Amino acid sequence: MPAKRKSAKRPVGVDREDRTLDSHRLIFETSPQGIIIAGPEGQMLEANPAALRILGLSLEQLQGMTNFDPHWRTVHEDGSPFPPEEHPMTRALRSGQAVGPEVMGVRYGAGDDTRWLEVSARPLFRPGETRAAHVMATFADITERKEIELRLRASQGLLERAEVVAQLGHFQVDMAAGQVQASEGAARIYGLAGNA
C-alpha cells in the first residue's frame, strides 16, 4: 500500500484574508462614490477612479496634495469660503471622529466650474494606536442636484415677485395633513399670518 501524501496546507485564514482584501479592492475600484485615502498629515495617497473622474484630476496630480494646496478653492453652500482647516478630512484627522456628510463646493485651478460634493470622512487607526494613521474621505457628486435647487429657488423668487407686482397669491393644500399654506401674496391679500 502506497504511503499517503500530505497535502500542503495554507495557514488558516489566508484564503479568507486574501478574499477580504480582494473584496475591499473591488469595492474601492468600482464604487460610484469618490474615495480618497490620505496620510496622517492629510497628504492624499490613493484615490479611486470615481474620485479622479469627479475631481477631474489624475492620480499623479492628486497624490501628495493636501486640503491646504492653493489650487483648491472650496465654498459652503451659501458661497462663503470653506477654509481647509474646516474640511471633513482635516477635522476627522484632528478629532479622531467621523465627520459628515457635509456639502461643499470644490474648484481646482483657475476654472470657475464648481463641483458640489457631499463629503464624509472617517479616521483610520492602527491596532492599539489613538492617533489616526490615515483618513478615508468618501464623496458623491451632487452638482446636478444643486443646480436644480438653484433653478427652483430662482423660479420661486420670480413667482413671488410676480405675485407682488400683480397683487396675486396662491394656496397650497396638503389633504393628508389637513393643512393649507398661503403664499406671501395670499397672506397679504387676505390678512393672514402665512398659514390658513
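Me: What makes the contact between the side chains of Glu41 and Arg131 a salt bridge?

Reply: In this predicted model, the N to O distance between the side chains of Glu41 and Arg131 is 3.2 Å. The cut-off is 4 Å between a side-chain nitrogen of Lys or Arg and a carboxyl oxygen of Asp or Glu, so the pair qualifies as a salt bridge.

Me: Why does the pair of Glu41 and Arg131 tie together parts that are 90 residues apart in sequence?

Reply: Look at where each partner lies: Glu41 is in the loop between E1 and E2, whereas Arg131 is in the loop between strand E5 (115–124) and strand E6 (134–141), so the pair links parts 90 residues apart in sequence.

Me: And what is Glu41 called, buried or exposed?

Reply: Glu41 has 58% relative accessibility. Exposed means over 50%, so Glu41 earns that word. Its partner Arg131 has a relative accessible area of 52% and is therefore exposed as well.

Me: How do you know that Arg91 and Glu102 meet in a salt bridge?

Reply: Their side chains come to 2.7 Å, N to O, and the limit is 4 Å, so the pair counts. Arg91 lies in helix H4 (residues 88–95) and Glu102 in strand E4, so this salt bridge ties a helix to a strand, 11 residues apart in sequence. As for Arg91, a relative accessibility of 24% puts it between the 20% and 50% limits, so the residue is partly exposed.

Me: What makes the side chains of Asp141 and Arg115 another such case?

Reply: Here the N to O distance is 2.4 Å, and with a limit of 4 Å the pair is therefore a salt bridge. Asp141 sits in strand E6 and Arg115 in strand E5, so parts 26 residues apart in sequence are tied together. Both ends are partly exposed, because 29% for Asp141 and 26% for Arg115 fall between 20% and 50%.

Me: Which residues do salt bridges that share partners join into one network?

Reply: Those are Arg25, Glu29 and Glu46. In total, the count comes to 6 salt bridges.

Me: How do you know that strand E1 and strand E2 pair?

Reply: E1 (residues 34–38) and E2 (residues 44–47) share 3 bridges in the antiparallel sense. Pairing asks for at least two bridges, so these strands pass. One pairing to look up is that of Ala38, whose bridge partner in E2 is Met44. The hairpin has 5 residues between the strands, and there Gly42 takes a positive phi near 85°.

Me: What joins strand E7 to strand E8?

Reply: There are 4 bridges between E7 (residues 171–174) and E8 (residues 179–182), and the two run antiparallel. With at least two bridges required, E7 and E8 therefore count as paired. Asp174 stands opposite Gln179 in E8. In this hairpin 4 residues lie between the strands, and Gly178 has a positive phi near 70°.

Me: What makes Lys146 a charge that lies over the face of Trp116?

Reply: Lys146 is at 5.4 Å from the ring centre of Trp116. The distance limit is 6 Å, so that part of the test is met. The other part asks for a position within 35 degrees of the ring normal, and Lys146 is indeed listed as lying over the face.

Me: How many aromatic pairs does a search of the whole structure find?

Reply: The search finds 0 aromatic pairs. Ring centres would have to lie within 6.5 Å to count as a pair.

Me: Which residues form a nonpolar patch on the surface?

Reply: The patch is formed by Phe171, Ile189, Tyr190 and Leu192, which together have about 400 Å² of accessible area. Ile189 belongs to helix H6 (residues 184–190). With 45% relative accessibility, Ile189 is over the 30% that patch members need, yet not over the 50% for exposed, so the residue is called partly exposed.

Me: Why is Ile27 called exposed?

Reply: Ile27 has 52% relative accessibility, which is over 50%, so the word applies. Ile27 lies in helix H1 (residues 14–30). Its C-alpha atom is separated by 9.5 Å from that of Asn48, 21 residues apart along the chain.

Me: What is special about the peptide bond from Gly100 to Pro101?

Reply: That bond is cis, with omega near 10°. Pro101 is found in strand E4 (residues 99–108).

Terms used: Residues numbered from 1 in each chain as written. Predicted model: local features only at pLDDT ≥ 70, side-chain atom pairs only at ≥ 80, totals over all residues. Heavy atoms only, no water. Phe/Tyr/Trp six-rings, centres within 6.5 Å; stacked < 30°, edge-to-face > 60°. Patch = residues over 30% accessible without salt bridge, like charges linked within 9 Å, V, L, I, M, F, W, Y side chains within 5 Å. Areas by Shrake-Rupley, 256 points an atom, 1.4 Å probe, with all protein chains shown as cover. Buried < 20%, exposed > 50% of the residue type's maximum accessible area, 1.4 Å probe, protein only.
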